[in-house]
Amino acid sequence: MKWNYVIDETQSDDFMLDLNQDVSLRVIRVWLPSGETETLIINLLDLRYEQFMPLYFRR
């Protein structure tokens, strides 16, 4: 199964994606004020979702 299919089909806004034995990534969906969603693939594994949101909007 392709990793992008897993991202598209997962309903969670914050989940881990294991690409292989050595690489794990975090997928976060950011809900924008416009109603659109951005999907981010990051390596910040120890930051809580609630902590990440203010950082995203400061970029």
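User: Where is Leu 47 found in the chain?

Analyst: Leu 47 is found in the loop that lies between β3 (37-42) and α2 (49-57). These element names denote DSSP runs numbered from the N terminus, with helices being H or I over at least four residues and strands E over at least two. The model is predicted, so local features need pLDDT of at least 70 and side-chain atom pairs count only at pLDDT 80 or more, while totals for chains, interfaces and linings use all residues. Residues are numbered from 1 along each chain as its sequence is written, and side-chain values use heavy atoms, with hydrogens and water left out.

User: Which residues is Leu 47 in contact with, leaving aside its neighbours within four places in sequence?

Analyst: Contact means heavy atoms within 4.5 Å. With those neighbours left aside, Arg 26, Phe 52 and Leu 55 are in contact with Leu 47. As for Asp 14, which is 33 residues from Leu 47 along the chain, the two C-alpha atoms are separated by 11 Å.

User: What makes the set that includes Leu 47 a nonpolar core, and which residues does the largest one have?

Analyst: A nonpolar core is a set of buried Ala, Val, Leu, Ile, Met, Phe, Trp, Tyr and Cys residues joined through side-chain atoms within 4.5 Å. Buried, in turn, means under 20% relative accessible area, whereas exposed means over 50% and partly exposed lies in between (1.4 Å probe, protein chains only). The largest such core has 10 residues, namely Ile 28, Val 30, Leu 32, Leu 40, Ile 42, Leu 47, Tyr 49, Phe 52, Met 53 and Tyr 56. At least two residues of this core come from each of β2 (24-31), β3 and α2. The largest share, 4 residues, is that of α2. With neighbours within four places in sequence left aside, the contacts of the core residue Val 30 include Leu 40, Phe 52, Met 53 and Tyr 56.

User: How do you know where the buried residues of α2 stand around the axis?

Analyst: The buried residues of α2 are Tyr 49, Phe 52, Met 53 and Tyr 56. They lie on the same side of α2 because they cover an arc of only 105° around the axis; the arc is that of the directions from the helix axis to the C-beta atoms. Their cover includes β1 (14-18), β2 and β3.

User: Why does Arg 26 count as buried or exposed?

Analyst: Arg 26, placed in strand β2, has a relative accessibility of 4%, and therefore counts as buried.

User: What does the side chain of Arg 26 reach, and what makes these pairs polar contacts?

Analyst: A polar contact is a pair of N or O atoms within 3.5 Å; within protein, one must be able to donate a hydrogen and the other to accept it, and residues adjacent in sequence count only if both atoms are side-chain atoms. The side chain of Arg 26 reaches the backbone oxygen of Leu 44 at 2.8 Å and that of Leu 47 at 2.4 Å. Both pairs are therefore polar contacts.

User: How do you know which strands pair, and in what order do they form the sheet?

Analyst: Two strands pair if DSSP finds at least two bridges between them. β2 and β3 pair over 6 bridges in the antiparallel sense, with Arg 26 opposite Ile 42 of β3, Val 27 partnered by Ile 41 and Arg 29 by Thr 39. β1 and β2, also antiparallel, are joined by 5 bridges, and Asp 18 stands opposite Ser 24 of β2. The 3 strands form an open, antiparallel sheet in the order β1-β2-β3. Since β1 and β3 each have a single partner strand, they stand at the edges, and one side of each is left without a neighbour in the sheet. On average, neighbouring strands are turned by 25° against each other, direction ignored. α2 packs on this sheet, touching β1, β2 and β3, and its direction makes about 65° with that of β2. Such axes are lines fitted to C-alpha atoms, for helices over the stretch in contact, and angles run from 0 to 180 degrees between N-to-C directions.

User: What joins β1 to β2, and which residue takes a positive phi in the hairpin of β2 and β3?

Analyst: β1 is joined to β2 by a hairpin through 5 residues. In the hairpin of β2 and β3, with 5 residues between the strands, Gly 35 takes a positive phi near 95°.
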